[in-house]
Amino acid sequence: MKQTTPSESATFESLMRQIIREEVRAALLDLGIEGTNVPRHEGAPSHSARNPHALTTEDVAKMTSLPVQTLRNWRSQTQHGKPVGPRSFKMGRLVRYSEADVNAWLDYLHAQGGAS
């Protein structure tokens with residue numbers, strides 16, 4: 001396995017922060033929340049960008065009391081053009097969830113009065 005240089009690590013971290021910011025912004029917009037406080041520039045990272053809690057499927061299953069297989073199934077399903085479950089993203093081969101996305105999805109379900 002190739003060792004990464006500090007420069008490569010910084011570039012990777014910067015890209016991951018950008019991806020997380022964009023995913024959170026998109027999730028909030030999908031939920032109809034406008035005027036979000038998610039910064040659009042590298043100079044002022046949001047809390048989730050500074051401390052990205054990348055959750056595993058197992059973590060989300062524990063948080064939501066849902067079976068892991070249900071979350072796996074929901075990743076490939078849509079309803080009215082929107083994902084059925086919480087937004088997920090890939091880190092290489094690994095599927096991860098942003099803690100902010102999971103919480104936003106749970107808030108959405110609560111506001112709707114039930115599961116999707």
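How do α3 and α5 lie relative to each other, roughly parallel or roughly perpendicular? Hold that thought for a moment, everyone, while I set the scene. What we have here is a predicted model, and I'd like to walk you through its helices, its salt bridges and a few loop residues.

Let's begin with the overall layout. The protein chain has five helices and five strands. Reading from the N terminus, the order of elements is α-α-β-α-α-β-β-β-β-α. The chain has 116 residues, and 28% of them count as buried. If you take the contacts between residues at least 6 apart in sequence, 50% of them join residues at least 24 apart.

Now back to my opening question. The axes of α3 and α5, the helix of residues 99–112, cross at roughly 30 degrees and come within 12 Å of each other. Angles under 35 degrees count as roughly parallel, and α3 and α5 are therefore roughly parallel to each other. Their crossing is right-handed. Which residues meet there? On the α3 side you'll find Val60, Met63 and Thr64, and on the α5 side Val102, Asn103, Trp105 and Leu106. Sorted by class, this contact of α3 with α5 has five nonpolar and two polar residues, with no charged ones.

Let me stay with Thr64 for a second. Thr64 sits in helix α3. Leaving aside residues up to four places away in sequence, Thr64 touches Trp105 and Leu106. Is Thr64 buried or exposed? The cut-off for buried is under 20% relative accessible area, and Thr64, at 17% relative accessibility, counts as buried.

Step along from Thr64 and we're in the loop between α3 and α4, which is where Ser65 is placed. Ser65 is exposed, with a relative accessible area of 67%. Have a look at its backbone, too: phi of Ser65 is near 60 degrees, a positive value in a residue other than glycine. Pro67 is found in the loop between α3 and α4 as well. With a relative accessible area of 48%, Pro67 is partly exposed. If you'd like a distance to orient yourselves, the C-alpha atoms of Pro67 and Thr57 are separated by 9.4 Å, and these two residues are ten apart along the chain.

That loop brings us to the next helix pair. How do α3 and α4 cross? Their axes come within 9 Å, with a crossing angle of roughly 115 degrees. That makes α3 roughly perpendicular to α4. The crossing of α3 past α4 is right-handed. From α3, the contact uses Thr57, Glu58, Val60 and Ala61, and from α4 it uses Val68, Leu71, Arg72 and Arg75. By class, that gives four nonpolar, one polar and three charged residues in the contact of α3 with α4.

You may have spotted Glu58 and Arg72 in that list, and they take us to salt bridges. As general background, side chains of opposite charge can pair when their charged atoms come close. How many salt bridges does this model count? The answer is two.

The side chains of Arg72 and Glu58 form one of them, at 3.7 Å from N to O. Arg72 lies in helix α4 (residues 68–75) and Glu58 in helix α3 (residues 57–64), so this pair ties together parts that are 14 residues apart in sequence. Arg72 is partly exposed at a relative accessible area of 37%, and Glu58 is partly exposed at 38%.

Arg17 forms a salt bridge with Glu13, where the closest N and O atoms are 2.8 Å apart. Here both residues are in helix α1 (residues 6–30), four residues apart, which is about one turn of the helix. Arg17 counts as partly exposed at 24% relative accessibility, and Glu13 counts as partly exposed at 42%.

One last stop before we finish: His80. Where is His80 placed? You'll find His80 in the loop between β2 (78–79) and β3 (82–83). At 81% relative accessibility, His80 counts as exposed. Its phi is near 60 degrees, a positive value in a residue other than glycine.

So, to leave you with the picture around α3: α3 is roughly parallel to α5 and roughly perpendicular to α4. Thanks for listening, everyone!

How values were computed: Residues are numbered from 1 along each chain as its sequence is written. This is a predicted model: local features need pLDDT of at least 70, side-chain atom pairs count only at pLDDT 80 or more; totals for chains, interfaces and linings use all residues. Side-chain values use heavy atoms; hydrogens and water are left out. A salt bridge is a side-chain nitrogen of Lys or Arg within 4 Å of a carboxyl oxygen of Asp or Glu. Helices (H or I, at least four residues) and strands (E, at least two) are DSSP runs, numbered from the N terminus. Buried means under 20% relative accessible area, exposed over 50%, partly exposed in between (1.4 Å probe, protein chains only). Axes are lines fitted to C-alpha atoms, for helices over the stretch in contact, and angles run from 0 to 180 degrees between N-to-C directions. Angles under 35 degrees count as roughly parallel, over 145 as roughly antiparallel, 65 to 115 as roughly perpendicular and the rest as oblique. A crossing is left-handed if the near helix is turned anticlockwise from the far one by less than a right angle, and right-handed if clockwise. Contact means heavy atoms within 4.5 Å. Ala, Val, Leu, Ile, Met, Phe, Trp, Tyr, Cys and Pro count as nonpolar, Asp, Glu, Lys and Arg as charged, and the others, Gly among them, as polar.
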